[in-house]
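This report looks at how two parts of one chain meet. Please keep the sequence and the structure in view while reading.

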There are 2 protein chains.
Amino acid sequence: MNHAGAAAQLEPVLSRIDDDLAASLKRMFELVRIPSISTDPAYSAQCRQAAEWLSAELASIGFDASVRDTAGHPMVVAHHEGGSADAPHVLFYGHYDVQPVDPLELWDTDPFEPTIRNAADGSKIITGRGTADDKGQLLTFVEACRAWKSVHGSLPCRVTILFEGEEESGSPSLKPFLQANAGELKADFALVCDTSMWDAETPAISTGLRGLVGEEITVRAADRDLHSGYFGGAAANPIHILAKVLADLHDETGRVTIPGFYEGVEETPDEILRQWESLGASNEDFLGAIGLSLPAGEQGRSVLELTWARPTAEVNGITGGYTGEGFKTVIAAEASAKVSFRLVGDQDPETIRAAFRDFVRARIPADCSVSFEEHGGSPGIRLPYDSPVIQKAKDALSDEWPKPAALIGMGGSIPIVGDFQSLLGMDSVLVGFGLSDDRIHSPNEKYALKSFHKGQRSWARIMAALAG
Amino acid sequence: MNHAGAAAQLEPVLSRIDDDLAASLKRMFELVRIPSISTDPAYSAQCRQAAEWLSAELASIGFDASVRDTAGHPMVVAHHEGGSADAPHVLFYGHYDVQPVDPLELWDTDPFEPTIRNAADGSKIITGRGTADDKGQLLTFVEACRAWKSVHGSLPCRVTILFEGEEESGSPSLKPFLQANAGELKADFALVCDTSMWDAETPAISTGLRGLVGEEITVRAADRDLHSGYFGGAAANPIHILAKVLADLHDETGRVTIPGFYEGVEETPDEILRQWESLGASNEDFLGAIGLSLPAGEQGRSVLELTWARPTAEVNGITGGYTGEGFKTVIAAEASAKVSFRLVGDQDPETIRAAFRDFVRARIPADCSVSFEEHGGSPGIRLPYDSPVIQKAKDALSDEWPKPAALIGMGGSIPIVGDFQSLLGMDSVLVGFGLSDDRIHSPNEKYALKSFHKGQRSWARIMAALAG
């Protein structure tokens, strides 16, 4: 199949996607209704249920699909032949697991009963946990394949699909699975759909991703909870110790103070900074959208640089002592915090983890103790701006959307991209249709109906372009 | 009734207490089984149930007893005439509410199903929430009255009893109730049973009590929970802000840094410090008992001075972000902490509260906000060492226990003592039979069987001495 062939096949596929939108939404709703919260062991059965649902859907399209057990939640792997000898073999990746939904009382709708609603701007949105991250996104590709197959009885290129169920909980089973199945999963490159558009009119390909190190620390002092009257002023308070550790993580200029933290972090070239500046994202707009106005991190840098090209230390959760209603004059026996680091450039996850642990231990009194629990680690990624594959995808996206596609950085971590590079020798093309107000990881997550619809059309266009 | 008369009446009362121990325990168990957790609105009905139980018990002894409504949990008030014209009128105070029981999984027994067990040293203990704080303690006085009345058909002095149900949650209804019922409640002095012995052989009268200011602070940043990848490094993190505030509360020497905090705090006279030193409580013993070894507060002071005569700032609880199992890369919209201050000398609760709020506000970024919730406030108290009433109580206690009674300080707060002084013009005599390992406010609270038994005998002796 040559370029003209695939391009000629495109139009009826786009029409089929348009005609089939209601049915594709119905399928998406089925998947969103499955509460596949990977980080909470109480939802293990639901994670497996989501995997089985996806495997069955892929089989119905004609993929050779299977649910594959791991030590954690299962993987879904599916294969379909297609295209000419020149057409690439692509590996498409998504994740079927979702974030927890607490605090549940802040949701306007049931997180696991999707609805279609009108947003304030009149556009239609799909509500529910996972609609944007990542169930709705991964289905844009599946539905594009379904349309192409149903129109032409074939696919324009060879496609392997990998869906995991532990992306929101550190992907503990991913590396072993990639290593054990490298021959089966290796393709020419990967397509990953777990990112956002620049704005509602401007599609984007992410060429930089921050890495992630997760750590949970627990400080222990007395061997029991104490009455703060009898012991206050004499006994160590683990919340004080923890607060001091966390307060020490940043200096007055917002820089992380852990020794060696910035080793491997390069300054972003001026031309890249200028390009980002030209996207017109002011600090005021970026922060105003979430009710803030002052950049909180390293002083003197734009919000795009702070979130795309600078490393961070963030406390994601803290708990200790009495946190119920009313008051309890207690000195807790222990206090704990979940801390994550976003990494860029050549920062090494395990070096950062070790430096953090040393930093904490140096601040624990001799009669108290601290323990650490690891929650994943991955380095930052920078993808080549100038690869032909990225250029083809960029052109295909620019054909579908009102404005040309932008090559952007990204603040979040998608460890799979690093694993594809290191374990399978594959680069990834990161295309997604999320929007910055999708509230992923928060109450009232949503996905634009337009993202779901034009996302499918975008993948059809990208497949046609890649096959050419 | 003269001194010889009351003293002559004592011996059969002590025998009756001994003979009636099993029945008095049965009554105590009934009260402990009522989960009267005042700080949690879910237990309102149980608080009322405890009040009604006490009122009925007092009525059965012959008191004119009633449950009295307040805006919060009810009071119990009871009156009984007694004694000669020279005998004093005493107001006995206790509280029937208890602390929450979380974390429940750390209890070896059901907190609301009391048991009698053998402690490691072979002594018998009564397990359960409230056995020591304060249900078991208040019943020592009630049972002493019961024995005296059943032997002699009278009491050696006029007794008014006040039990409240909000001591563990800041006593919001207490001052209004005392003001509205001052004429009914005013006595010559108060007897308060909510304190501890010096050790298992040495009874104690507390002549100093720290005051308490409770504050809950909530820091708010973005208007929603954020993905730490997309916003980390640019958006304010309320846990960071809160950690900085809390870490700033103490300097490197353990002193509280809030401006003006130490105004009204006097250094303890050397002779008092020497007296405390003679009690033989080493830092090692005091802290070793709770698994610690290093005094954590102001440097260069003994643990007794730190807990009896120095003010503190303690964080009693903290929460923010994701605190469940696993990990969630979220930047929370808000974080909160419960903070309490123990006050001594002339520190003014409302001045301290205002200074703390200014201290916090000065550390909140301009685009974030903080709110405060008040949880009670009372000044510290120092009672006269040399009053005749305290001397009589000291002698009576010394007759009952193996070692003479000690006059000690106390780290906890009993706001009622300040309210009795300011609203009713009454001093209080603080006598209690708790022990330092009673684990009050913690899992596995207990009360020594000996405390319950000899506590009743102690009150009989004190009443006899006061009536003389």
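## Where the two domains meet

Between domain 1 of chain A and domain 2 of chain A, an area of about 390 Å² is buried, and carbon and sulfur atoms give 46% of that area. The size of an interface is often given as the accessible area lost when the parts come together. The model is predicted, and the values that follow should be read with this in mind.

Each of the two domains is assembled from two stretches of chain A, as the table sets out.

| Domain of chain A | Residues |
|---|---|
| domain 1 | 3-209 + 382-467 |
| domain 2 | 211-265 + 311-378 |

The C-alpha centres of domain 1 of chain A and domain 2 of chain A lie 35 Å apart, and the contact between these domains takes six residues from domain 1 and six residues from domain 2. On the side of domain 1, the residues that lose the most area to domain 2 of chain A are A:Leu209, A:Ser413 and A:Pro415, which together account for 65% of what that side buries.

What kinds of residue does domain 1 of chain A bring to domain 2 of chain A, by class? The side of domain 1 that touches domain 2 has two nonpolar, four polar and no charged residues. Between the two domains the count of salt bridges is zero, and the rule also finds zero residue pairs in polar contact across this interface, where both residues must be at pLDDT 80 or more.

Helix 14 of chain A covers residues 415-424, and its buried residues are A:Ile416, A:Val417, A:Gly418, A:Asp419, A:Phe420 and A:Leu424. Just after helix 14, A:Gly425 takes a positive phi of about 65°.

Terms used
Residues are numbered from 1 along each chain as its sequence is written. Chains are lettered from A and ligands numbered from 1 in the order in which they are written. This is a predicted model: local features need pLDDT of at least 70, side-chain atom pairs count only at pLDDT 80 or more; totals for chains, interfaces and linings use all residues. Side-chain values use heavy atoms; hydrogens and water are left out. Domain bounds come from an automatic or database domain assignment. Contact means heavy atoms within 4.5 Å. Buried area is the accessible area (1.4 Å probe) that two parts lose on being put together, summed over both. A salt bridge is a side-chain nitrogen of Lys or Arg within 4 Å of a carboxyl oxygen of Asp or Glu. A polar contact is a pair of N or O atoms within 3.5 Å; within protein, one must be able to donate a hydrogen and the other to accept it, and residues adjacent in sequence count only if both atoms are side-chain atoms. Ala, Val, Leu, Ile, Met, Phe, Trp, Tyr, Cys and Pro count as nonpolar, Asp, Glu, Lys and Arg as charged, and the others, Gly among them, as polar. Buried means under 20% relative accessible area, exposed over 50%, partly exposed in between (1.4 Å probe, protein chains only). Helices (H or I, at least four residues) and strands (E, at least two) are DSSP runs, numbered from the N terminus.
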